[in-house]
Amino acid sequence: MAEHWYKNALIYCLDVKTFADGNGDGIGDFIGLRNKLQYLAGFNIDCVWLQPFFPSPMRDNGYDITDYYNVDPRFGTLGDFVEFSRTARDKGLRVMIDLVVNHTSVDHPWFQAARRDPKSPYRDYYVWSDTQPEDAAEGTVFPGEQNTTWTWDREAKAYYFHRFYPHQAELNIANPAVRREIEKITGYWLQLGVTGFRIDALPFLIELKNLPTEGQTDPHDYLRELRHHAQTLCGDVCLMAEANLPPEEVPDYFGDGDKIHMSFNFWLNQHLFLALARGEATPVREAWEQLPPLPGLCQWNNFLRSHDEADFGRLTDAQREEVFRAFGPEPDMQLYERGVRRRLAPMLGNDRRKLELAHSLLLTLPGTPVLRYGDEIGMGDDLTLPHREAVRTPMQWSAQPNAGFSAAAREALVLPVIDEGEYGYERVNVEQQRHDAESLLNWLERMLRRRKECPAIGLGDCAFFDSGAKEVLAHRCVHENIAVIAVHNFSARRIALRLPVLAEGIEGACVHDILAGRRDDLRDDGRYDIELPPYGYRWFMVGADGASVTLC
């Protein structure tokens with residue numbers, strides 16, 4: 001099972017520069033992060049996913065890299081990273097890092113060599129054209145900020161391709177030398193203690209980018225090549241993809257279980273927010289049923305929010321407007337005509353019932369949960385900051401100055417902390433919530449523990465079934481003759497239900513209410529009567545051979 005740890009892990013995403021400052025310069029670093037590992041271990045996390053920490057001009061939050069084999073000096077040294085990695089391992093935590101190889105910064109030595117000399121071996125590391133392609137205005141990722149994907153370079157006397165910003169030149173995946181370089185990068189960090197990679201912008205990485213396709217193999221095949229390389233070096237490695245996919249494209253990325261291990265379930269995430277906006281469960285169930293089944297050892301990543309805007313680009317125009325009205329009604333809350341630049345708590349009106357419902361769904365929907373730093377305490381956003389920076393403010397550790405994030409002067413902070421209103425750090429912080437048994441932090445810590453005690457959710461065969469009410473989502477995960485059933489009420493009304501609890505191969509005279517810690521009898525017909533309060537949720541477990549499972 002160690003080789004498939006990702007199937008039932010709890011992953012916590014953070015940005016080193018905004019998590020904890022260990023040297024007092026106003027910027028988070030590996031010293032500060034290492035000092036907070038006990039917090040993460042105590043929070044029942046299995047894996048820490050780090051956003052880019054490599055040397056970078058920081059024009060795009062570190063996703064514009066100039067050196068794949070080092071740590072940005074602002075965050076520490078390679079030695080600091082190794083010490084962090086060792087400490088994480090000692091505390092039972094795995095480390096996953098971002099693999100950002102769709103593009104490099106134009107300041108990267110590879111690009112600088114490529115632009116200076118057309119005969120340089122690095123020239124073909126990138127994608128060039130003597131003339132601007134006719135479709136240069138199409139396929140931009142940032143509408144309103146980009147008007148082309150091809151930019152003229154005076155020194156190279158040619159256009160270069162960039163799916164993202166002009167300062168992020170696209171790497172040419174069709175070049176075998178580039179593929180070998182990616183393998184060297186992964187091998188390097190695996191040797192330093194990493195056991196997973198979140199592959200940034202995967203669909204763009206493997207596209208052929210206006211290159212001649214004659215004689216080219218299917219670019220998806222490279223995923224099999226990368227998987228084989230990484231798993232040869234580290235048997236329990238995990239490749240986690242950022243791939244915002246429609247259902248029909250899913251099989252190309254997972255293959256027969258020999259390509260990527262996991263992928264973020266954007267399709268389900270966007271329909272989950274549609275369901276929350278409507279107050280009914282139907283969009284979630286329909287979205288799940290539209291997805292193809294995954295190979296046995298593959299997995300979805302479920303998430304609520306990320307470091308970017310909440311992307312609703314896969315919804316119809318009408319559906320997206322519903323979500324905007326519910327969660328981002330003001331123009332400054334929206335971004336790129338497709339998303340909402342808000343954190344989870346403000347999106348849900350800081351309603352504790354809805355926050356619990358959303359996290360309960362995250363923990364029970366089929367897949368591996370990914371939590372975003374700060375959401376465990378209900379952090380807010382700062383809409384005065386530009387674009388995606390609104391949801392990237394420093395972690396709020398205490399009511400001390402700068403939220404306990406840094407001892408530096410306020411003006412030296414990498415980003416300002418939220419210091420006023422209902423989300424200000426004096427009201428919302430880890431220290432205060434740790435001492436409150438009923439806080440969101442302590443509630444979620446208990447929920448993560450319960451999730452660990454229910455391996456059927458991550459490992460089992462899951463299916464949705466009719467709850468008898470359109471507002472209620474009910475699904476069952478079965479593994480080794482154990483069934484875990486989760487029921488969620490998306491509405492503001494109290495609902496009574498009679499649920500068909502038993503399934504084929506599952507027998508029992510009673511059910512164990514996992515969250516309440518009690519046993520209840522079933523009706524003679526194998527059904528179970530429950531009542532859900534507004535935005536309520538319940539988890540149940542039933543064992544085989546008449547033995548209902550009891551948790552300690």
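Tutor: Start with terms. Strands are DSSP runs of E, at least two residues long, and helices are DSSP runs of H or I, at least four residues long; both are numbered from the N terminus. The model we are reading is predicted.

Student: In which loop is the place of N481?

Tutor: Look at the strands on each side. One is β18, residues 472-479, and the other is β19, residues 482-489. N481 sits in the loop between β18 and β19.

Student: What is the phi of N481?

Tutor: Most residues other than glycine have a negative phi. N481 is a residue other than glycine, yet its phi is positive. The value is near 65°.

Student: Does N481 count as buried, partly exposed or exposed?

Tutor: Buried means under 20% relative accessible area, and exposed means over 50%. N481 has 44% relative accessibility, so N481 counts as partly exposed.

That value falls between the two cut-offs, and the class is partly exposed.

Student: Where is M58 placed?

Tutor: M58 also has a positive phi, about 60°, although it is not a glycine. Its neighbours in the chain are a strand, β2 (47-50), and a helix, α3 (78-90). M58 lies in the loop between β2 and α3.

Student: How many helices and strands does the protein have?

Tutor: Take the secondary structure of the protein as a whole. The count comes to 16 helices and 24 strands.

Student: Why is the protein as compact as a globular protein of its length?

Tutor: The globule rule gives 24 Å for 552 residues. The radius of gyration of the protein is close to that, so it is as compact as a globular protein of that length. The radius of gyration is 24 Å.

Student: What share of the 552 residues counts as buried?

Tutor: The cut-off for buried is under 20% relative accessible area. Of the 552 residues, the buried share is 62%.

Student: Which strands form the closed barrel?

Tutor: The barrel has 8 strands, and their pairing is parallel. Neighbouring strands in it are turned by 25° against each other on average, direction ignored. The order is β1-β2-β3-β9-β10-β11-β12-β16.

Student: Which residue is the bridge partner of N302 in β16?

Tutor: β12 and β16 pair in the parallel sense. They do this over 3 bridges. In β16, the partner of N302 is P369.

Student: Which strands stand at the edges of the open sheet?

Tutor: The open sheet has 6 strands with antiparallel pairing, in the order β17-β18-β19-β24-β21-β22. Each edge strand has a single partner strand, so one side of each is left without a neighbour in the sheet. The edge strands are β17 (461-464) and β22 (518-521).

Student: Which residue in β24 is the bridge partner of H512?

Tutor: Strand β21 (residues 510-513) and strand β24 (residues 537-542) pair in the antiparallel sense. Their pairing runs over 2 bridges. In β24, the partner of H512 is M541.

Student: How much space lies in the largest pocket?

Tutor: This pocket is lined by 43 residues. V141, F204, N244, D311 and R338 lie nearest its centre. The lining divides into 18 nonpolar, 10 polar and 15 charged residues. The space comes to about 960 Å³.

Student: Which element gives the largest share of the lining of the second largest pocket?

Tutor: About 360 Å³ of space lies in this pocket. Of its 19 lining residues, the closest to its centre are W288, L294, P366, G460 and C462. The elements that give two or more residues are β12, α16 (456-459) and β17. The largest share, 3 residues, comes from α16.

Student: How many residues of the lining of the largest cavity are charged?

Tutor: The structure holds 3 cavities of 30 Å³ or more, and the largest has about 70 Å³ of space. Its lining includes N265, L268, F303 and L365. α9 (266-278), β12 (299-303) and α13 (352-364) each supply at least two of the lining residues. The lining has 7 nonpolar residues, 4 polar and no charged.

Student: Which strand gives the largest share of the lining of the second largest cavity?

Tutor: About 50 Å³ of space lies in this cavity. Among its lining residues are C13, W49, F303, V370, L371 and R372. The lining divides into 6 nonpolar, 1 polar and 2 charged. The largest share, 3 residues, comes from strand β16.

Technical notes: Residues numbered from 1 in each chain as written. Predicted model: local features only at pLDDT ≥ 70, side-chain atom pairs only at ≥ 80, totals over all residues. Heavy atoms only, no water. 1 Å grid on protein atoms, 1.4 Å probe; cavity = no way out; pocket = protein on both sides within 12 Å on 5 of 7 lines; lining within 4 Å. Points joined across faces, edges and corners; volume = space filled by probe spheres on them. Nonpolar A, V, L, I, M, F, W, Y, C, P; charged D, E, K, R; others polar. Pairing = 2+ DSSP bridges. Axes fitted to C-alpha atoms, helices over the stretch in contact; angles between N-to-C directions. Rg over C-alpha atoms; globule rule 2.2 N^0.38 Å. Buried < 20%, exposed > 50% of the residue type's maximum accessible area, 1.4 Å probe, protein only.
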